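Let us take a friendly walk through some helix packing and then look at a couple of individual side chains. Have the structure open beside you as you read.

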Amino acid sequence: MPESTPSPTELLELYQRAQAAFTDRVDAVEPGQWDLEALPGWTVADLVAHLVGEAHWVPGLLAGEPYDDVAARVPQGTDPLLAPDPLTAWEAAADEALAAVATADLADGTVHLSRGPTPAWEYVDELTADLTVHSWDLARATRGDEVLDPALVRAAEGMAARLPRDGVPGLFAAQLDVPSDAPPQVRLLARFGRRA
């Protein structure tokens, strides 16, 4: 692990905090808001399903299983991922993912992603950043609390710094320009292509 990377204990704490922040925002979604647009081409339901699906990947990947084996087990589609209801589906998947992170070798472990072998710490760092940014997306779409935990903003900046300026097609939007003296949350969101 690079010296600037949080320790395994800190990575676990940050991941848990990011999960909790997302849970709060899922719990606040009102019945009539699930079909609202959260991101281009994604409804609020699609966004939550994306994070449920991502959480389903965590135990297998952190256990060192091959990417294709894990992929074959994860449900596909918004409705199957959110059954029986979105909050229950998210909390169940999140609990399993958190347990896996808590027992994984984050210092020296390796996960097998579609892009190839990746350090476990980097994978959990990315999961934390994804939860943090998508918490904001969910809050923005549902007129909820858009203020992010400053510790999570700082943590997500590490992952954002690894992204190319023009983004990653199909995964991350191109970065937006904001003033250098903009608040940290605004700068972070801009790195992920969001205009706060």
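A crossing is called left-handed if the near helix is turned anticlockwise from the far one by less than a right angle, and right-handed if clockwise. Keep that in mind for α2, which passes α6 in a left-handed crossing. Please note that this is a predicted model.

**Two helix pairs**

Two packed helices are described by the angle between their axes and the distance between the axes. Here are those values for two pairs.

| Helix pair | Angle between axes | Distance between axes |
|---|---|---|
| α1 (residues 8–27) and α5 (residues 86–103) | roughly 180° | within 11 Å |
| α2 (residues 44–62) and α6 (residues 120–142) | about 165° | 10 Å |

How do α2 and α6 run relative to each other, roughly parallel or roughly antiparallel? With an angle of about 165° between them, α2 is roughly antiparallel to α6, because angles over 145 degrees are counted that way. On the α2 side, the residues that meet α6 include Leu47, Leu51, Trp57 and Leu61. Among their partners in α6 are Tyr123, Leu127, Leu131 and Leu138. By class, the contact of α2 with α6 has 15 nonpolar residues, three polar and three charged.

Now for the other pair: the axes of α1 and α5 cross at roughly 180°, and the two helices are therefore roughly antiparallel to each other. From α1, the contact draws on residues including Leu12, Tyr15, Phe22, Thr23 and Val26. From α5 it includes Leu87, Trp90, Glu91, Leu98 and Val101. Eleven nonpolar, three polar and two charged residues make up this contact of α1 with α5.

**Two side chains to find**

Thr23 is a handy place to start, since you have just met this residue of α1. Is Thr23 buried or exposed? Thr23 counts as buried, because its relative accessibility of 18% falls under the 20% cut-off. Leaving aside neighbours within four places in sequence, Thr23 is in contact with Leu87, Trp90 and Glu91, and these three residues are among those that α5 brings to its contact with α1.

Next, turn to Ser135 in helix α6. Ser135 is buried, with a relative accessible area of 1%. Which backbone oxygen lies 2.8 Å from a polar atom of the Ser135 side chain? That oxygen belongs to Leu131, a residue of α6 that also takes part in the contact with α2. Not counting residues up to four places away in sequence, Ser135 touches Ala18, Ala21, Phe22, Arg25 and Leu148. Of these, Phe22 also appears in the contact of α1 with α5.

Notes. Residues numbered from 1 in each chain as written. Predicted model: local features only at pLDDT ≥ 70, side-chain atom pairs only at ≥ 80, totals over all residues. Heavy atoms only, no water. Axes fitted to C-alpha atoms, helices over the stretch in contact; angles between N-to-C directions. Helix = DSSP H or I, 4+ residues; strand = E, 2+ residues; numbered from the N terminus. Parallel < 35°, antiparallel > 145°, perpendicular 65-115°, else oblique. Contact = heavy atoms within 4.5 Å. Nonpolar A, V, L, I, M, F, W, Y, C, P; charged D, E, K, R; others polar. Buried < 20%, exposed > 50% of the residue type's maximum accessible area, 1.4 Å probe, protein only. Polar contact = N/O pair within 3.5 Å; in protein donor to acceptor, adjacent residues only side chain to side chain.
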